[in-house]
Amino acid sequence: MHATKRCEGCGIELSPALLACPACGRLVHAEKLRGLAADADGASAAGRTADAVAAWRSALELLPPGASQAEGVRARVEQLSKQLEGAPRAGMGKLPKWLAPLGGLGLLLWKFKFVLGFVLTKGKLLLLGLTKGSTFFSMLLALGVYWTLWGWKFALGFVVMIYIHEMGHVAALRQLGIKASAPMFIPGLGAFIRLKQYPASPREDARVGLAGPIWGLAAAFLAYALYLITEHGVFAGLAHAGALINLFNLIPVWQLDGGRGMRALAQRERWGLAALVAVAFFVTEEGMLLLLGLAVVWRAFEKAAPAESDRRAFLEFAGLIVALAVLCEIEVPGITAT
């Protein structure tokens with residue numbers, strides 16, 4: 001039995017799920033909110049930006065979404081998360097001048113330097129997910145299902161590529177200080193991550209959403225590189241499948257990654273992506289691009305699009321479209337070769 005909770009302002013009985021008193025409007029967790037605000041301010045003063053963001057995100061969970069205080073906290077989270085995003089990481093510098101003219105593709109190539117270096121050297125984050133029972137056993141289940149369909153070699157590579165894609169989301173979430181579960185596999189549907197906290201802005205949502213395809217593209221490039229080295233057809237098949245899966249995830253509908261990335265784009269950038277997809281479709285004739293293009297055009301008509309675009313999200317989205325379209329052209333021995 002839980003003790004009855006009453007409003008400290010008017011004394012009426014409160015439901016455990018309420019965040020504000022329905023009678024007087026007093027915040028139910030006012031005292032805890034003051035403590036979190038003090039913790040956040042102290043962390044900011046000490047230069048611990050990640051701790052400050054974490055405290056403000058916890059405060060958001062205790063505020064009604066429409067409250068004026070929530071808007072102020074979201075603004076603080078947005079400001080601090082930009083600082084986290086802009087903070088230099090080990091070995092990272094500015095985008096080289098010779099890559100700048102390549103736009104989104106140049107940005108992706110620069111990011112791949114660190115994504116692939118991370119995957120091939122440190123890899124602690126990749127191993128972290130495997131220590132979670134739900135992730136490990138659901139991966140084994142998915143592996144068993146795909147094994148019966150395609151054999152163990154392709155099935156193992158396919159599961160690993162999905163895992164790398166999901167851990168891209170995890171890496172972005174960790175950088176932004178957003179709490180989430182480890183990946184969970186569902187055979188036939190891929191995998192998902194359950195957010196325990198939500199992005200405070202379209203910019204954050206775009207960072208989290210597009211991180212998966214970026215890591216997935218890096219994994220597909222790695223598979224293709226292994227094919228060029230070994231000439232083993234299974235790696236060509238994995239590169240081609242990885243490109244298709246990540247291109248599918250860019251379709252901006254429902255909870256797919258493209259939908260999260262599209263939230264940060266203004267209408268002019270959405271029309272720009274639509275034009276880019278059209279060109280890529282006429283060059284490659286890849287059917288997935290037709291579905292992607294139709295969805296992008298549909299989202300381009302939305303009146304809810306932000307007035308100002310997120311340039312980085314646009315460049316990443318555009319770079320992904322180009323790079324994945326190129327990878328979709330990979331000929332798999334015995335399947336797409338003519």
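Which helix holds both Glu-71 and Arg-74, and how many residues apart are they? Both lie in helix α3, 3 residues apart. That spacing is about one turn of the helix. The two side chains form a salt bridge, with the closest N and O atoms 2.5 Å apart. Glu-71 is partly exposed, at a relative accessible area of 47%.

This is a predicted model. The report below takes salt bridges first, then aromatic rings, then cysteines.

## Salt bridges

The whole structure contains 13 salt bridges. Three of them are listed here, including the pair from the opening.

| Pair | Closest N to O distance |
|---|---|
| Glu-71 and Arg-74 | 2.5 Å |
| Arg-263 and Asp-205 | 2.7 Å |
| Arg-76 and Asp-41 | 3.7 Å |

Take Arg-76 and Asp-41, whose side chains meet in a salt bridge. Arg-76 sits in helix α3, which covers residues 68-86, and Asp-41 sits in helix α1, residues 30-45. The pair therefore ties together parts that are 35 residues apart in sequence. Arg-76 is partly exposed, with 40% relative accessibility. Asp-41 is partly exposed too, at 42%.

Now turn to Arg-263 and Asp-205, which also form a salt bridge. Arg-263 lies in the loop between α10 (257-262) and α11 (267-284), while Asp-205 belongs to helix α8 (residues 202-230), so this pair ties together parts 58 residues apart in sequence. Is Asp-205 buried or exposed? Asp-205 is buried, with a relative accessible area of 6%. Its partner Arg-263 is partly exposed, at 37%.

What does Asp-205 touch, leaving out residues up to four places away in sequence? Its contacts are Pro-199, Arg-260 and Arg-263. Arg-263 thus appears both as a contact of Asp-205 and as its salt-bridge partner.

Salt bridges can also join into a network. Glu-78, Lys-82 and Arg-203 are linked in this way.

## Aromatic rings

How many aromatic pairs does the structure hold? There are 9. One of them joins Trp-150 and Phe-158. The ring centres are 5.1 Å apart, and the planes stand at 75° to each other. The pair is edge-to-face because its angle is over 60 degrees.

The two residues can be set side by side. Trp-150 is partly exposed, with a relative accessible area of 41%. Phe-158 is buried, at 11% relative accessibility.

Both rings also belong to one aromatic cluster. Its members are Tyr-146, Trp-150, Phe-154 and Phe-158.

## Cysteines

How many disulfides does the structure hold? The count is 0. A disulfide is a covalent bond between the sulfur atoms of two cysteines.

Why is Cys-7 not bonded to Cys-24? The sulfur of Cys-24 is the closest cysteine sulfur to that of Cys-7, yet it is 3.5 Å away, too far for a bond. The cut-off for a disulfide is 2.5 Å, so the two sulfurs do not count as a pair. Cys-7 is buried, with a relative accessible area of 7%.

Cys-10 is in no disulfide either. Its nearest cysteine sulfur is that of Cys-21, 3.5 Å away. Is Cys-10 buried or partly exposed? Cys-10 is partly exposed, at a relative accessible area of 37%.

Definitions and conventions: Residues are numbered from 1 along each chain as its sequence is written. This is a predicted model: local features need pLDDT of at least 70, side-chain atom pairs count only at pLDDT 80 or more; totals for chains, interfaces and linings use all residues. Side-chain values use heavy atoms; hydrogens and water are left out. A salt bridge is a side-chain nitrogen of Lys or Arg within 4 Å of a carboxyl oxygen of Asp or Glu. Helices (H or I, at least four residues) and strands (E, at least two) are DSSP runs, numbered from the N terminus. Buried means under 20% relative accessible area, exposed over 50%, partly exposed in between (1.4 Å probe, protein chains only). Contact means heavy atoms within 4.5 Å. Rings of Phe, Tyr and Trp (its six-membered ring) pair if their centres lie within 6.5 Å; planes under 30 degrees apart count as stacked, over 60 as edge-to-face and the rest as tilted.
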